[in-house]
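Here is a quick walk through this protein, one topic at a time. Keep the sequence and the 3D view open as you read.

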Amino acid sequence: MAKVEWSAGIDHVSGALSKPSKSGQHSCTKMLLGTHRVAATESKDCNRLYLRRKVERSTPLSNREVAVRARFTAVRAAVATRAADLSKQLADQQAFMAQKDQPGGKKTLKAYYWSICGAEYDQQHNG
């Protein structure tokens, strides 16, 4: 999402200002991307604008990419199902709170669900 901060002129721009449509129904065929870098430099001009044409993939998906996409889709569905399951919510919230402040603990309930469901998927599919 683009973020524009206005004043007498434009102070800075950051993010995609326009994106090409996937279905081709809009006239925008290039992505306009603005970046703003906050760094300790002598120059205050840290804004950049880039135009990027729509890129078509030239190679087919590898087996690894297909497997990663399948895992993501399955884990996303499992997370949604588990989060909506009232019979597991109380136990999940208690387990989440117990591990939250531990080293390596997940800081959000959604991240906790992703780690649990991802581990279950890996156990089922990778032995």
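## Helix α1, end to end

Let's begin with a yardstick: the expected span of a helix is 1.5 Å times one less than its number of residues. Keep in mind that we're looking at a predicted model.

How far apart are the end C-alpha atoms of α1? They sit 32 Å apart, and with 22 residues at 1.5 Å a residue the helix should span 32 Å, so the two values agree. Helix α1 covers residues 63–84 and has the highest mean pLDDT among the elements, at 95.

## The two sides of α1

Which residues of α1 are buried? They are Val 75, Val 79 and Arg 82. These residues cover an arc of only 70° around the axis, so they end up on the same side of α1. Thr 81 and Ala 84, on the other side of the helix, are exposed.

So what do the buried residues of α1 pack against? Their partners are α2 (86–100) and α3 (109–126).

## The overall layout

Zooming out, the protein has 3 helices and 4 strands. Going along the sequence, you'll meet them in the pattern β-β-β-β-α-α-α.

Of the 127 residues in the protein, 15% are buried. The protein exposes about 10,200 Å², and carbon and sulfur atoms supply 55% of that area. As for contacts with a separation of 6 or more, 27% come from residues 24 or more positions apart.

## Arg 53 in strand β4

Now for a look at one strand residue. Arg 53 belongs to strand β4, which runs over residues 47–53. Is Arg 53 buried or exposed? Its relative accessible area is 62%, and exposed means over 50%, so Arg 53 counts as exposed.

Arg 53 also makes a nice pairing to find in the viewer with Met 31: the two are 22 residues apart in sequence, while their C-alpha atoms are 6.3 Å apart in space.

## Aromatic rings

How many aromatic pairs does a search of the whole structure find? It turns up 3 of them. If you'd like to see rings grouped together, go to Phe 96, Tyr 112 and Tyr 113, which ring pairs link into a cluster.

## How confident is the model?

Across the protein, the mean pLDDT is 81, and 73% of the residues reach 70 or more. Confidence varies by element: strand β1 (residues 3–6) has the lowest mean pLDDT, 60, whereas α1 has the highest.

Terms used: Residues are numbered from 1 along each chain as its sequence is written. This is a predicted model: local features need pLDDT of at least 70, side-chain atom pairs count only at pLDDT 80 or more; totals for chains, interfaces and linings use all residues. Side-chain values use heavy atoms; hydrogens and water are left out. Helices (H or I, at least four residues) and strands (E, at least two) are DSSP runs, numbered from the N terminus. Buried means under 20% relative accessible area, exposed over 50%, partly exposed in between (1.4 Å probe, protein chains only). pLDDT is the predictor's confidence in each residue, from 0 to 100. Rings of Phe, Tyr and Trp (its six-membered ring) pair if their centres lie within 6.5 Å; planes under 30 degrees apart count as stacked, over 60 as edge-to-face and the rest as tilted. The arc is that of the directions from the helix axis to the C-beta atoms. Contact means heavy atoms within 4.5 Å. Accessible areas come from the Shrake-Rupley method with a 1.4 Å probe; for residues, only the protein chains shown count as cover.
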